[in-house]
Amino acid sequence: MSSPNKSHGRKSISVSLKPRELMTDAPQLAHVWAARIITLFPQAFPGVLGESLTGKALKDGKWQLTTTNLRDFGVGKHRNVDDTPAGGGAGMVLRPDVLGRAIEHTMKGVRGRCPLVYLSPRGRRFDQAMAREWSQCDGVTMLCGRFEGVDQRVLDHYDIQEVSLGDFVLTGGEIAAQAMIDATVRLLPSVLGNAESIEDESHSNGLLEHSQYTRPATWNEHDIPEVLMSGHHGKVAEWRRQEAETLTRERRPDMWDAYQPPAKKR
Ligand code: SAH
């Protein structure tokens with residue numbers, strides 16, 4: 001490394017660091033995309049985000065992750081964070097005063113475009129377009145719910161956007177947060193070196209991706225499609241385009257209906 005300053009936002013980190021230590025206590029890298037997570041389970045982070053592409057990028061300071069422990073803002077000796085639902089019923093609800101303090105603490109000093117979202121099965125469904133939009137922001141702040149969820153007044157007061165991972169109910173927002181951050185961080189120009197591999201991917205151009213193959217050429221008597229072994233780039237591209245279209249038509253009629261081939265877009 002002849003010129004360490006060249007690497008934008010790079011942190012100096014020793015090779016012995018464990019994933020948790022990749023996270024900053026406070027966002028400290030200026031102009032580096034920042035995920036801020038408010039959670040009762042900060043130890044769940046970076047979780048799988050500490051691995052592979054996202055993990056290396058985190059280590060290299062190409063994005064940063066901080067957590068706010070909701071428990072630190074709890075009430076009384078036991079630092080209570082929840083209470084029974086007004087009007088009765090099962091479960092517990094996260095208290096607005098506790099959440100409010102945690103949000104104020106987390107948002108302190110946040111500058112630029114940084115959406116504040118609550119992971120919630122009632123929210124707008126997360127998709128590639130949202131990941132792209134967030135990747136063009138300065139970061140994102142995520143509130144992870146637990147139990148029956150959060151007091152509605154907090155969502156109203158801070159105008160928090162509810163975002164869902166899908167039409168199912170998780171026990172908490174942490175897995176959803178990690179999935180959404182993963183999808184977003186890999187779109188940061190500094191993170192995924194090969195921009196071409198993003199363009200072709202499922203959901204990037206309105207189509208599902210074609211099937212992929214690799215060596216060995218024959219496996220269990222199944223051959224790789226001949227055209228892929230031909231070395232003819234034009235034919236390969238045409239085969240892949242057709243396969244992507246066929247798959248999309250068969251599996252996702254909704255996407256196929258919305259699809260506009262690039263030529264028609266002009
Ligand atoms: N009672 C709520 C569900 C609570 S589940 C309801 O019926 O709407 C507990 C927490 O898990 C939620 O507060 C939310 O943060 C998270 N969660 C559950 N399902 C989710 C999903 N599909 N997407 C994102 N977060 C989810």
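This report walks through the fold, the core, the ligand shell and two contrasting residues of a predicted model.

**Overall make-up**

Let's start with the big picture. The protein has 266 residues, and 28% of them are buried. Its secondary structure comes to nine helices and nine strands. Take the contacts between residues at least 6 apart in sequence: 74% of these join residues at least 24 apart.

**The sheet**

Five strands line up as an open sheet, in the order E2-E1-E6-E5-E7, with parallel pairing. At the edges sit strand E2 (64–69) and strand E7 (161–164), each of which pairs on one side only. On average, neighbouring strands in this sheet are turned by 35° against each other, ignoring direction. As a reminder, strands of a sheet pair through backbone hydrogen bonds, either parallel or antiparallel.

Here is how three of the strand pairs look, each with one pair of facing residues.

| Strand pair | Sense | Bridges | Facing residues |
|---|---|---|---|
| E1 and E2 | parallel | six bridges | Thr39 and Asn69 |
| E5 and E6 | parallel | three bridges | Tyr118 and Leu143 |
| E5 and E7 | parallel | five bridges | Val117 and Gln161 |

A helix also leans on this sheet. Helix H2 (residues 96–107) packs there and touches E1, E2 and strand E6 (139–143). The direction of H2 makes about 160° with that of E1.

**The nonpolar core**

In soluble globular proteins, nonpolar side chains tend to be buried together. In this model, the largest nonpolar core holds 43 residues. Which of them touch the most other members? Those are Ala35, Ile38, Leu119, Met142, Val150 and Ala177. Helix H5 (residues 174–185) supplies the largest share of this core, with five residues.

Val150 is a handy one to click on. Skipping residues up to four places away in sequence, Val150 touches Val93, Leu94, Leu99, Tyr118, Leu143, Gly145 and Leu155. Two of those names, Tyr118 and Leu143, stand opposite each other in the pairing of E5 with E6.

**Around the ligand**

Now for the ligand. Its shell is made of 18 residues, and the closest are Leu119, Gly145, Leu170, Gly173 and Ala176. By type, the shell splits into eight nonpolar, seven polar and three charged residues. Strand E5 (residues 116–125) gives the largest share of the shell, four residues.

A couple of names turn up twice. Leu119 is among the closest residues to the ligand, and Leu119 is also listed with the core residues that touch the most other members. Gly145 is likewise among the closest to the ligand, and Gly145 is one of the contacts of Val150.

**Two residues to compare**

Thr67 sits in strand E2. Is Thr67 buried or exposed? Thr67 counts as buried because it has 25 C-beta neighbours inside 10 Å, and the cut-off for buried is 20 or more. Leaving out neighbours within four places in sequence, Thr67 is in contact with Met23, Ile37, Thr39, Pro42 and Phe45. The C-alpha atoms of Thr67 and Ala44 are separated by 9.8 Å, with their positions 23 residues apart along the chain.

Pro262 belongs to helix H9 (residues 262–265). Pro262 has 8 C-beta neighbours inside 10 Å, so it counts as exposed; the cut-off there is 12 or fewer. Asn205 lies 57 residues apart from Pro262 along the chain, and their C-alpha atoms are separated by 8.7 Å.

Conventions
Residues are numbered from 1 along each chain as its sequence is written. This is a predicted model: local features need pLDDT of at least 70, side-chain atom pairs count only at pLDDT 80 or more; totals for chains, interfaces and linings use all residues. A residue is near a molecule or strand if its C-beta atom, placed from the backbone, lies within 6 Å of it. Helices (H or I, at least four residues) and strands (E, at least two) are DSSP runs, numbered from the N terminus. Ala, Val, Leu, Ile, Met, Phe, Trp, Tyr, Cys and Pro count as nonpolar, Asp, Glu, Lys and Arg as charged, and the others, Gly among them, as polar. Two strands pair if DSSP finds at least two bridges between them. Axes are lines fitted to C-alpha atoms, for helices over the stretch in contact, and angles run from 0 to 180 degrees between N-to-C directions. Two residues are in contact if their C-beta atoms, placed from the backbone, lie within 7 Å. A nonpolar core is a set of buried Ala, Val, Leu, Ile, Met, Phe, Trp, Tyr and Cys residues joined through C-beta atoms within 7 Å.
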